[in-house]
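Open your viewer, switch to a cartoon view and keep the selection box handy. We will go from stop to stop, and at each one you will find something to select and something to look for.

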Amino acid sequence: MNWFLASVIVKSDLRKSQLNRRLHLPQNEYLDRSKKIQTNIVESEIFHEANLIACYLPIKNEVDTSYIIKSCFDLNKLIVLPKIISNSMVFTLHKVDDTFVVNKFGIKETDNEEISVNDIELFICPCLAYNKSGNRLGYGGGYYDKALSSSGAKKIGIAFELQKLSFDSEPHDIPMDYICNENGLFAC
């Protein structure tokens with residue numbers, strides 16, 4: 001078995017186990033941990049310095065982002081959300097009164113104005129798992145890696161402490177500058 005195939009199999013198993021761990025978090029624990037993570041983000045200097053922020057709407061027990069998004073609106077920051085078009089991710093402006101369409105992955109999307117990734121100052125990205133070097137494990141489509149490859153913006157991966165693992169990155173992986181979990185915001 002070659003290295004690439006072994007890496008794909010290992011990452012596939014990691015994705016399944018990490019998703020399962022996250023899905024089995026008791027609801028009160030999920031909400032408490034999510035609130036701590038969001039507070040760590042919203043109280044950070046990185047968040048306050050950015051005026052155009054990319055975030056996400058959670059699926060499958062990803063860290064809740066409702067407080068982050070509300071804080072963006074309260075502070076008159078522009079916020080964009082991911083949208084999948086063909087095999088790539090773009091970001092569209094999010095407004096308070098948006099209506100959403102659910103895509104094939106179960107992710108809510110808007111049909112609002114598309115914003116260039118080069119204009120985004122801060123990306124807040126979900127993780128299935130992360131390592132101490134700031135590498136994130138997503139669902140395997142590479143959407144974030146492709147979208148972030150041309151951006152010089154700061155990147156924060158958010159996940160629960162229980163999602164921290166040891167795994168090797170691949171050449172196409174775009175590492176996060178920071179990881180935020182319920183214990184704090186950490187530079188990578």
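Start by selecting residues 178-181, which are strand E11, together with residues 184-187, which are strand E12. E11 and E12 make a hairpin, with 2 residues between them. The two strands pair in the antiparallel sense, over 4 bridges. To see one of these pairings, show Tyr178 and look for its bridge partner in E12, Ala187. Please keep in mind throughout that this is a predicted model.

Stay on E11 and turn on its side chains. Are its two faces covered or not? Both are covered: Tyr178 and Cys180 lie on one side, Ile179 and Asn181 on the other, and all of them are buried.

**Across to E10**

Next, add residues 154-158, strand E10. E10 runs parallel to E11, and 3 bridges join them. Tyr178 turns up again here, as the E11 bridge partner of Ile156. E10 is mostly covered, with 4 of its 5 residues buried.

**On to E7**

Now select residues 122-126, strand E7. E7 and E10 pair in the parallel sense over 5 bridges. You can follow the pairing residue by residue: Ile124 has Ile156 as its bridge partner in E10, Cys125 stands opposite Gly157, and Pro126 stands opposite Ile158.

How many of the 5 residues of E7 are buried? The count is 5 of 5. Leu122, Ile124 and Pro126 point one way from the strand, while Phe123 and Cys125 point the other way.

On to strand E1, residues 52-54. E1 runs parallel to E7, and 2 bridges join them. Show Ala54 and you will find it opposite Phe123 of E7.

**The whole sheet**

Time to zoom out. The strands you have selected belong to an open sheet of 8 strands, in the order E6-E3-E2-E1-E7-E10-E11-E12, with mixed pairing. Strand E6 (114-115) and strand E12 stand at the edges with a single partner strand each, so one side of each has no neighbour in the sheet.

**Helices on the sheet**

Select residues 27-42, helix H2. H2 packs on the sheet, where it touches E7, E10, E11 and E12, and its direction makes about 140 degrees with that of E11. Then select residues 66-74, helix H4. H4 lies across E1, E2 (78-85), E7 and E10, and runs at about 130 degrees to E2.

**Arg33, in helix H2**

Go back to H2 and show Arg33, which lies in this helix. Is Arg33 buried or exposed? Its relative accessible area is 18%, and since buried means under 20%, Arg33 counts as buried. Its side chain makes a polar contact with the side chain of Glu182, at 2.9 Å. Setting aside neighbours within four places in sequence, Arg33 is in contact with Leu25, Phe160, Leu162 and Glu182.

**Ile84, in strand E2**

Move to Ile84, in strand E2. Ile84 is buried too, with a relative accessible area of 16%. Beyond its neighbours within four places in sequence, it is in contact with Met89, Asn103, Phe105, Glu109 and Tyr143. If you would like to try the distance tool, Ile84 and Ser17 are 25 Å apart from C-alpha to C-alpha, and 67 residues apart in sequence.

**Last stop: the nonpolar core**

In soluble globular proteins, nonpolar side chains tend to be buried together. Here the largest nonpolar core has 49 residues, and those with the most contacts inside it are Phe91, Phe123, Ile124 and Ile158. Select Ile158 and show what surrounds it. Apart from neighbours within four places in sequence, Ile158 is in contact with residues including Ile37, Ile41, Tyr56, Val63 and Ile68. Some residues from earlier stops are on its contact list as well, among them Ile124, Cys125, Pro126 and Cys180.

Conventions
Residues numbered from 1 in each chain as written. Predicted model: local features only at pLDDT ≥ 70, side-chain atom pairs only at ≥ 80, totals over all residues. Heavy atoms only, no water. Buried < 20%, exposed > 50% of the residue type's maximum accessible area, 1.4 Å probe, protein only. Pairing = 2+ DSSP bridges. Contact = heavy atoms within 4.5 Å. Axes fitted to C-alpha atoms, helices over the stretch in contact; angles between N-to-C directions. Polar contact = N/O pair within 3.5 Å; in protein donor to acceptor, adjacent residues only side chain to side chain. Core = buried A, V, L, I, M, F, W, Y, C linked by side-chain atoms within 4.5 Å.
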